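Thanks for coming. Please have the sequence and the model open while I talk.

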Amino acid sequence: MKLPGNSSTDMQKSDYIRFFENLPEDLNPESCWIWKGTKNQDGRGRFQLRKKKWLASRLSWCILYGDLPEFIFLLHSCDRPECVNPFHLSPGNNSQNAIEARQRGQQITKLSYEGAVFIKNSDLSLTQLSLLFNVSLTTIRAIKQEKIWNF
Ligand SMILES: [Zn+2]
């Protein structure tokens with residue numbers, strides 16, 4: 001099943017599960033998310049998505065915000081290369097392009113019907129789903145309990 005909002009990453013459910021297996025249990029937005037998977041020589045996390053090798057931190061950011069043009073780099077505010085917390089990353093190019101890409105990303109992560117069905121049937125934790133779809137925990141809980149959305 002294809003998830004909404006991430007056209008360039010084109011991740012499927014199995015990819016998300018594989019990705020989340022490499023994240024710490026506690027996804028606190030304040031703390032560093034130390035990548036548990038393979039790392040480059042410089043300590044940055046790596047993730048293979050079909051033919052493409054991703055920096056895990058970049059993919060993490062793209063999952064949350066959406067597409068990011070190739071020429072824009074992400075900088076760690078925490079200075080830890082192994083950290084993949086998207087809230088610790090910001091586009092290193094302060095151009096209008098970067099700002100617009102971020103805004104577009106936020107617009108396309110609105111929840112669709114497919115997204116709601118995915119949430120309802122998913123085994124991922126509420127926190128993971130909340131981060132994945134950029135919606136509140138309250139919304140996730142309401143969908144799980146079928147309080148909102150008619151399936
Ligand atoms: Zn960090």
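**Walking through the model**

Before the overview, one residue on the outside: Arg50 is exposed, because just 8 other C-beta atoms lie within 10 Å, and 12 or fewer counts as exposed. Arg50 sits in the loop that links strand S1 (46-49) to strand S2 (52-55). Its phi is positive, about 50 degrees, although Arg50 is not a glycine. For background, most residues other than glycine have a negative phi. Please keep in mind that this is a predicted model.

Now the overview. The chain has 6 helices and 4 strands. Along the sequence they come in the pattern α-β-β-α-β-β-α-α-α-α. There are 151 residues in the chain, and 27% of them count as buried. Take the contacts between residues at least 6 apart in sequence: 54% of these join residues at least 24 apart.

Next, the core. Which residues of the largest nonpolar core touch the most other members? They are Leu59, Trp61, Cys62, Val84, Ile119 and Leu132, out of 27 residues in that core. Five helices each supply at least two residues: helix H1 (13-21), helix H2 (56-65), H4, helix H5 (126-133) and H6. H2 gives the most, with 7 residues. Where does this core lie with respect to domain 1 (1-109) and domain 2 (111-151)? Both domains give residues to the core, so it lies between them. As a general point, nonpolar side chains in soluble globular proteins tend to be buried together.

Let me stay with H2. Is H2 largely enclosed or largely open? It is largely enclosed by the rest of the structure, because 10 of its 10 residues are buried. The buried set includes nonpolar residues such as Leu59, Trp61 and Cys62, but also Ser57, Arg58 and Ser60. Gly66 follows H2 and has a positive phi, near 105 degrees.

H5 is another contributor to the core. Its buried residues are Leu129, Leu131, Leu132 and Phe133. What covers them? The cover includes H1, H2, H4 and H6. Just after H5 comes Asn134, with a positive phi of about 60 degrees.

Now to a pair of helices. How do H4 and H6 meet? The axes of helix H4 (residues 113-121) and helix H6 (residues 137-144) come within 8 Å and cross at roughly 75 degrees. The two helices are therefore roughly perpendicular to each other. On the H4 side the contact is made by Ala116, Ile119 and Lys120, and on the H6 side by Ile140, Ile143 and Lys144. Sorted by class, that contact has 4 nonpolar, no polar and 2 charged residues.

Ile119 has come up in the core and in the contact between H4 and H6. Leaving out residues up to four places away in sequence, Ile119 touches Leu129, Phe133, Ile140, Ile143 and Lys144. Of these, Leu129 and Phe133 are among the buried residues of H5, while Ile140, Ile143 and Lys144 belong to H6.

H6 also holds Arg141. Arg141 is partly exposed, with 15 other C-beta atoms within 10 Å. Measuring from C-alpha to C-alpha in the model, Arg141 and Ser130 are 9.5 Å apart in space and 11 residues apart in sequence.

I will finish with three exposed residues. Asp79 lies in the loop between strand S3 (74-76) and strand S4 (89-91). It counts as exposed because it has 9 C-beta neighbours inside 10 Å. Asp79 is not a glycine, yet its phi is positive, about 60 degrees.

Leu75 is in strand S3. Is Leu75 buried or exposed? With 12 C-beta neighbours inside 10 Å, Leu75 counts as exposed. Leu75 and Ser57 are 18 residues apart in sequence, and their C-alpha atoms are 9.6 Å apart in space. Ser57, by contrast, is one of the buried residues of H2.

Lastly, Thr38 is in the loop between H1 and S1. Thr38 also has 12 C-beta neighbours inside 10 Å, so it counts as exposed. From Thr38 to Asn22 it is 16 residues in sequence and 8.9 Å in space, C-alpha to C-alpha.

How values were computed
Residues numbered from 1 in each chain as written. Predicted model: local features only at pLDDT ≥ 70, side-chain atom pairs only at ≥ 80, totals over all residues. Axes fitted to C-alpha atoms, helices over the stretch in contact; angles between N-to-C directions. Parallel < 35°, antiparallel > 145°, perpendicular 65-115°, else oblique. Contact = placed C-beta atoms within 7 Å. Core = buried A, V, L, I, M, F, W, Y, C linked by C-beta atoms within 7 Å. Buried ≥ 20, exposed ≤ 12 C-beta atoms within 10 Å, placed from the backbone. Domains from an automatic or database assignment.
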